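Dear colleague,

I am handing over the structure below, and after it I set out what was found when going through it. Please keep it open beside this message as you read.

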Amino acid sequence: MIALVISAPWWERSATKAGLDLAMTLASFDLPFELFIQGQACAMQNRNAPKGHPAKTLSSLALYGKSAWFTDTPGDWIEGATLVTAADMNARIRACTQVIRL
């Protein structure tokens, strides 16, 4: 299992875009992966995001069979965000065989 961990602030477009592009690629090829969004990257899950915001891309992951991901910060997030504690998130990441951090 691959762990894709995005923690870069969403306004750093290159890191956010790379992470979301990788998530879309993994999902479209049916590769097993878990998506973890933590820290300042959590704002990319904003339910009331304007057009062009990363939340729009993130919410489209469900079209590729990835309807849920993990986040460590509570908020008014788009559908699919699953709130877990930081300890639980770290345990889930350690359980994966490969970890990609952005």
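**Strand β1 and its surroundings**

Strand β1, which covers residues 2–6, has 5 of its 5 residues buried, so this strand is largely enclosed by the rest of the structure. Please bear in mind throughout that this is a predicted model. In a regular strand the side chains alternate between the two faces of the sheet. In β1 both faces are covered, with Ile2, Leu4 and Ile6 buried on one side and Ala3 and Val5 buried on the other.

The chain leaves β1, passes through helix α1 (residues 13–28) and arrives at β2, and this β-α-β crossover is right-handed. The strands β1 and β2 are paired in the parallel sense, over 5 bridges, and within that pairing Val5 has Phe36 of β2 as its bridge partner. β1 also runs parallel to strand β5 (residues 98–101), to which 4 bridges join it, and there Val5 stands opposite Arg101.

**The nonpolar cores**

The largest nonpolar core holds 21 residues, and those that touch the most other members are Phe33, Leu35, Ile37, Met44, Leu58 and Leu61. Two or more residues come to this core from each of β1, α1, β2 and α2, and α1 gives the most, with 5 residues.

Which residues is Leu58 in contact with, once its neighbours within four places in sequence are left aside? They are Leu20, Leu35, Ile37, Met44, Gln45, Trp69 and Ile78. Apart from the largest core lies another core, of 8 residues, which includes Phe36, Val84, Met89 and Ile93.

**Two loop residues**

Ser60 is found in the loop that lies between α2 (54–59) and β3 (69–71). Is Ser60 buried or exposed? Its relative accessibility is 19%, and because buried means under 20%, Ser60 counts as buried. A polar atom of the Ser60 side chain lies 2.6 Å from the backbone oxygen of Thr57.

Pro50, in turn, belongs to the loop between β2 (33–37) and α2, and with a relative accessible area of 51% this residue is exposed, because the cut-off for exposed is over 50%. Pro50 and Phe36 are 14 residues apart in sequence, and their C-alpha atoms are 22 Å apart in space.

With best regards

Technical notes: Residues numbered from 1 in each chain as written. Predicted model: local features only at pLDDT ≥ 70, side-chain atom pairs only at ≥ 80, totals over all residues. Heavy atoms only, no water. Buried < 20%, exposed > 50% of the residue type's maximum accessible area, 1.4 Å probe, protein only. Polar contact = N/O pair within 3.5 Å; in protein donor to acceptor, adjacent residues only side chain to side chain. Pairing = 2+ DSSP bridges. Right-handed = clockwise from strand over helix to strand, strands pointing away. Core = buried A, V, L, I, M, F, W, Y, C linked by side-chain atoms within 4.5 Å. Contact = heavy atoms within 4.5 Å.
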